[in-house]
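Subject: A structure for you to explore

Hi there,

Here is the structure I promised to pass on to you. Have a look at it first, and then read my notes below.

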Amino acid sequence: MTSDASPSAPPLPPIAFLKGHGTENDFVIVPDPGNEIRLPASAVAALCDRRAGIGADGLLHVVRSAAHPEARSLADEAEWFMDYRNADGSIAEMCGNGVRVFARYLQRAGLVGAGDLAVATRGGVKRVHIDKDGGDITVAMGRALLPEEGATVTVDGRSWPARNVNMGNPHAVAFVEDLDHAGGLFAAPPFAPASVYPDGVNVEFAVDRGPRHLAVRVHERGSGETRSCGTGACAVAVAAARRDGADPAVTGSPVTYLVDLPGGRLAVTEHPDGEIEMTGPAVIVAEGRIDPAWLAAL
């Protein structure tokens with residue numbers, strides 16, 4: 001007896017993933033050297049969902065630069081491209097904590113060793129140094145841009161002037177008396193004028209804890225309040241240096257700020273030539289497989 005039924009398609013192979021964090025800014029890591037895995041915004045948002053998915057502040061799509069159309073021109077400078085997505089699935093230019101976790105994954109996978117490497121991002125090529133023996137990771141974050149036009153941030157009837165700092169992605173830095181004044185940061189704090197940040201903005205609320213020592217809470221565009229934000233820590237340090245009269249381009253000396261975020265501490269150093277380095281931990285905590293049928297159903 002013959003059957004007219006079509007043979008069923010072979011099951012799709014499971015998709016490998018890892019989970020990591022840098023000062024508790026956490027990420028789903030999807031290794032995909034050949035850029036073969038389709039990750040639409042809906043899939044990224046589902047993977048980052050903390051109840052129905054794996055849960056994360058963002059997703060690190062690990063792709064060889066030569067295999068990704070947005071990074072192909074950088075392949076001679078950096079073998080690997082960090083295709084970063086926010087938790088809502090939107091594309092972001094850069095993520096400072098994400099770069100450290102990205103580098104830690106490459107080291108864990110045996111793709112790089114301790115020492116120096118370059119990582120391509122939408123915010124340019126970032127130079128990374130991995131300490132020996134699993135120590136901290138330092139990222140050369142580039143130079144900050146300081147647009148003249150600032151904004152005013154308002155929460156629960158209180159308003160503060162916010163310094164406009166661009167670290168490859170936009171930031172509004174407000175110095176406050178108490179971090180509780182930031183309120184609930186799941187929703188984006190209102191700012192004005194809207195024209196200053198037409199594509200939205202990461203907002204940092206900072207207080208002084210001592211000389212060259214700050215504490216910060218942050219709303220990350222597309223993710224809500226996160227436990228840490230690397231580019232945000234850099235933006236706060238730059239804004240504080242200008243406020244404190246410690247601009248290295250003027251003084252001729254580098255300046256370092258310790259930045260405490262809910263998830264841990266980062267050290268940010270700005271040099272006289274404007275280059276900024278950020279140092280902090282990066283940890284891989286788990287690995288597993290994503291059910292491709294679940295992903296396809298999205």
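Let's begin with one residue, Asn-164, which is found in strand 9. Please keep in mind that this is a predicted model.

Is Asn-164 buried or exposed? Asn-164 counts as buried because its relative accessible area is 6%, and the cut-off for buried is under 20%. What does the side chain of Asn-164 reach? One partner is the backbone oxygen of Glu-149, at 2.9 Å. There is also a polar contact, at 3.2 Å, between the side chains of Asn-164 and Tyr-197. Leaving aside residues up to four places away in sequence, Asn-164 touches several others, among them Leu-145, Pro-147, Gly-150, His-171 and Val-196.

Now follow the chain to the neighbouring strand. Strand 9 covers residues 158-166 and runs antiparallel to strand 8, with five bridges joining the two. Ala-151 of strand 8, for example, has Ala-162 as its bridge partner in strand 9. Together the two strands form a hairpin with two residues between them, and Asp-156 in the turn has a positive phi of about 50°.

Strand 8 (residues 151-155) has two faces that are worth colouring separately. Ala-151, Val-153 and Val-155 make up the covered face, while Thr-152 and Thr-154 lie on the uncovered one. Strand 8 is also joined to strand 11 (residues 191-192) by two bridges, again antiparallel, and here Val-153 stands opposite Phe-191.

Next, the nonpolar cores. In soluble globular proteins, nonpolar side chains tend to be buried together. The largest nonpolar core in this model has 52 residues, and Met-82 and Val-128 touch the most other members. Helix 3 supplies the largest share of this core, with nine residues. A second, separate core has 18 residues, including Val-153, Ala-172, Leu-179 and Ala-215.

Val-128 is a good residue to click on: not counting residues up to four places away in sequence, its contacts include Val-99, Leu-117, Ile-137 and Val-139.

Finally, how many residues of helix 3 are buried? The answer is 12 of its 14 residues, among them Cys-234, Val-236 and Val-238. Helix 3 spans residues 230-243 and reaches 20 Å from its first C-alpha to its last, close to the 20 Å expected. Just after helix 3, look for Gly-245, which takes a positive phi of about 70°.

Enjoy exploring!

Best wishes

Note on methods:
Residues numbered from 1 in each chain as written. Predicted model: local features only at pLDDT ≥ 70, side-chain atom pairs only at ≥ 80, totals over all residues. Heavy atoms only, no water. Helix = DSSP H or I, 4+ residues; strand = E, 2+ residues; numbered from the N terminus. Expected span 1.5 Å × (residues − 1). Buried < 20%, exposed > 50% of the residue type's maximum accessible area, 1.4 Å probe, protein only. Pairing = 2+ DSSP bridges. Core = buried A, V, L, I, M, F, W, Y, C linked by side-chain atoms within 4.5 Å. Contact = heavy atoms within 4.5 Å. Polar contact = N/O pair within 3.5 Å; in protein donor to acceptor, adjacent residues only side chain to side chain.
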